[in-house]
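Reader: I should like to learn how salt bridges are read from a set of coordinates. Would you take me through the procedure?

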Amino acid sequence: MRAGTSIAAGRDGFALTLSFRSLRWDRGPSIAARRLFEAATKEVLMKRFEVYEMALQMVSALRPAVERIRLHDRDLALQLKRAGSSVPGNIAEGARRAGQDRLHHYRIAAGSAGEVRSHLAVAMAWGDVDQATVTPALSLLDSILAILWRLTHP
């Protein structure tokens, strides 16, 4: 291989492409390049696990808001509960998929997170719930959306 050639390697169905400047003809990537690849792969795997845990925390943080909204608007509470449940579900499903299929599930999770944010804004606009009740969930949503953005835009 020549310098600057990209190679792709997979682990658990996850592909990552890196460019290496110094590749030996007979031995493949250097030790430093292999370590760089392993560190990048490990970081991405850790982010996928971390975002799933954050999504479960977000669902727990939504419970008080859903209960208060249900008193005023049962349909909105059901929509909020479904959208909130969709976030960790699609993250978990995407983690078990490969390639574009994985990205598709992460994008759906991001869309559901945006839907949760919208439902909370509507409930606050109607006066069904106050800012203090939704702040914990909104903080987690911001972090979840940032990580999902990074996972879908490598």
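Author: The following turns treat the salt bridges of this structure, which is a predicted model.

Reader: How many salt bridges does a search of the whole structure find?

Author: The general idea is a distance criterion: a side-chain nitrogen of Lys or Arg must lie within 4 Å of a carboxyl oxygen of Asp or Glu. Applied to the whole structure, the search finds four salt bridges. In one of them, Arg68 pairs with Asp130, with 3.3 Å between the closest N and O atoms.

Reader: Why does the pair of Arg68 and Asp130 tie together separate parts of the chain?

Author: One asks where each partner lies. Arg68 belongs to helix α1 (residues 31–72), whereas Asp130 sits in the loop between α3 (99–126) and α4 (131–152), so the bridge ties together parts that are 62 residues apart in sequence.

Reader: Which helices hold Asp142 and Arg117?

Author: The side chains of Asp142 and Arg117 form a salt bridge with an N to O distance of 2.5 Å. This pair links distant parts of the chain, with Asp142 in helix α4 and Arg117 in helix α3, 25 residues apart. Asp142 is partly exposed at 44% relative accessibility, and Arg117 is partly exposed at 35%.

Reader: Which residues are joined into one network by salt bridges that share partners?

Author: Glu93, Arg97 and Asp101 are joined in this way. Within this group, the side chains of Arg97 and Glu93 meet at 2.8 Å, N to O. Arg97 has a relative accessibility of 31% and counts as partly exposed; Glu93, at 32%, is likewise partly exposed.

Reader: How is Arg68 classed by its relative accessibility?

Author: Arg68 is partly exposed, at 36%, and its partner Asp130 is partly exposed with a relative accessible area of 35%.

Methods
Residues are numbered from 1 along each chain as its sequence is written. This is a predicted model: local features need pLDDT of at least 70, side-chain atom pairs count only at pLDDT 80 or more; totals for chains, interfaces and linings use all residues. Side-chain values use heavy atoms; hydrogens and water are left out. Helices (H or I, at least four residues) and strands (E, at least two) are DSSP runs, numbered from the N terminus. Buried means under 20% relative accessible area, exposed over 50%, partly exposed in between (1.4 Å probe, protein chains only).
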